[in-house]
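User: I should like to learn how to read the surroundings of a bound ligand in a structural model. Could you guide me through the one shown here?

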Amino acid sequence: MKVLLVGPPGAGKGTQGELLANRLLLRHVAAGDLLRAEVAAGTPLGVQAAGLMDRGELVPDQLMLDLVMPAVVSAADAGGYLLDGFPRTVGQAHAARAWLRGREVDHAGPDAVVVLEVPEDVLVERILARGRPDDTEEVVRRRLRVYAQETEPLVEFYRQEQLVHTIDGTMPVAEVSDAILAELDVPRG
Ligand code: AP5
């Protein structure tokens with residue numbers, strides 16, 4: 001099973017990605033976590049990404065492809081993934097497909113897209129309570145704007161391909177997990 005998790009900042013992509021990956025024995029591939037590891041290690045890629053992340057802006061597509069796609073292919077080959085945070089624009093989705101086609105690994109793309117819906121006031125409350133470096137009110141507002149402008153069209157793109165499953169992300173964490181599994185027809189156990 002290869003699932004892409006989509007949702008605004010604070011919707012619970014990381015939380016559900018980790019939980020469901022553990023439950024289903026799949027890999028959790030999180031674009032933001034991969035980026036933060038590069039920043040912490042001070043790699044050239046991390047140095048390039050750090051300022052953009054601190055401002056809540058998107059990191060360049062090529063850098064994201066180089067960072068995330070090898071992990072996606074490796075996870076797909078190992079049985080599947082919960083992928084969160086990439087692609088997050090229609091351009092990235094096209095670029096990811098071209099990347100896979102170029103390497104003849106088309107099978108590694110997602111077969112379901114789970115969209116977590118949470119109203120903005122709840123998102124802001126959750127994020128400000130967490131306190132990551134990019135969790136200030138000003139940066140959160142920018143991340144929400146970027147989501148509306150760049151990622152909502154991606155949801156439409158996948159909707160046209162009939163891959164989208166919409167989930168109410170305001171429920172308690174365990175209920176959100178159960179709702180995702182039910183929506184994807186995965187037996188709970
Ligand atoms: P990223 O790390 O992906 O951040 P994000 O998309 O803004 O999402 P968050 O991590 O804030 O939220 P989440 O949905 O994962 O929620 P979480 O589970 O943490 O990206 C960071 C930056 O990296 C971007 O701004 C950009 O600069 C760059 N980047 C990443 N991907 C990129 C890409 N593809 N292209 C270009 N740039 C990219 O939960 C949030 C909080 O809520 C937690 O405290 C959690 O405990 C709590 N919570 C979760 N679920 C519930 C629930 N059901 N009830 C109550 N609380 C809950």
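User: Which element gives the largest share of the shell around the ligand?

Analyst: One begins by assigning the surrounding residues to elements. In this predicted model, α2 provides the largest share of the shell, four residues. Helices α1 (13-24), α2 (31-41) and α6 (120-130) each contribute at least two.

User: How many residues surround the ligand, and which are the closest?

Analyst: The ligand is surrounded by 30 residues, and Thr15, Glu57, Gly85, Arg88 and Arg143 are the closest. By residue class, this shell holds 13 nonpolar, eight polar and nine charged residues.

User: Where do N or O atoms of Arg143, Arg126 and Ala11 lie relative to the ligand?

Analyst: Here one separates side-chain atoms from backbone atoms. The side chain of Arg143 places an N or O atom 2.7 Å from an oxygen atom of the ligand. For Arg126, a side-chain N or O atom is 3.3 Å from a ligand nitrogen atom. Ala11 instead has a backbone N or O atom 3.2 Å from a ligand oxygen atom. Of the 1,000 Å² of accessible area that the ligand has on its own, the protein covers 86%.

User: How is empty space located, and which pocket does the ligand take?

Analyst: A probe the size of a water molecule, rolled over the atoms, reveals where space is left empty. In this case the ligand takes the space of the largest pocket, which contains about 810 Å³. Its lining comprises 39 residues, with Pro9, Lys13, Arg88, Arg132 and Arg143 the closest to the pocket centre. Two or more lining residues come from each of α1, α2, α6, α7 (137-160) and α8 (173-183).

How values were computed: Residues numbered from 1 in each chain as written. Predicted model: local features only at pLDDT ≥ 70, side-chain atom pairs only at ≥ 80, totals over all residues. Heavy atoms only, no water. Near = heavy atom within 4 Å. Polar contact = N/O pair within 3.5 Å; in protein donor to acceptor, adjacent residues only side chain to side chain. Areas by Shrake-Rupley, 256 points an atom, 1.4 Å probe, with all protein chains shown as cover. 1 Å grid on protein atoms, 1.4 Å probe; cavity = no way out; pocket = protein on both sides within 12 Å on 5 of 7 lines; lining within 4 Å. Sits in = over half its atoms within 2 Å of the grid points. Nonpolar A, V, L, I, M, F, W, Y, C, P; charged D, E, K, R; others polar. Points joined across faces, edges and corners; volume = space filled by probe spheres on them.
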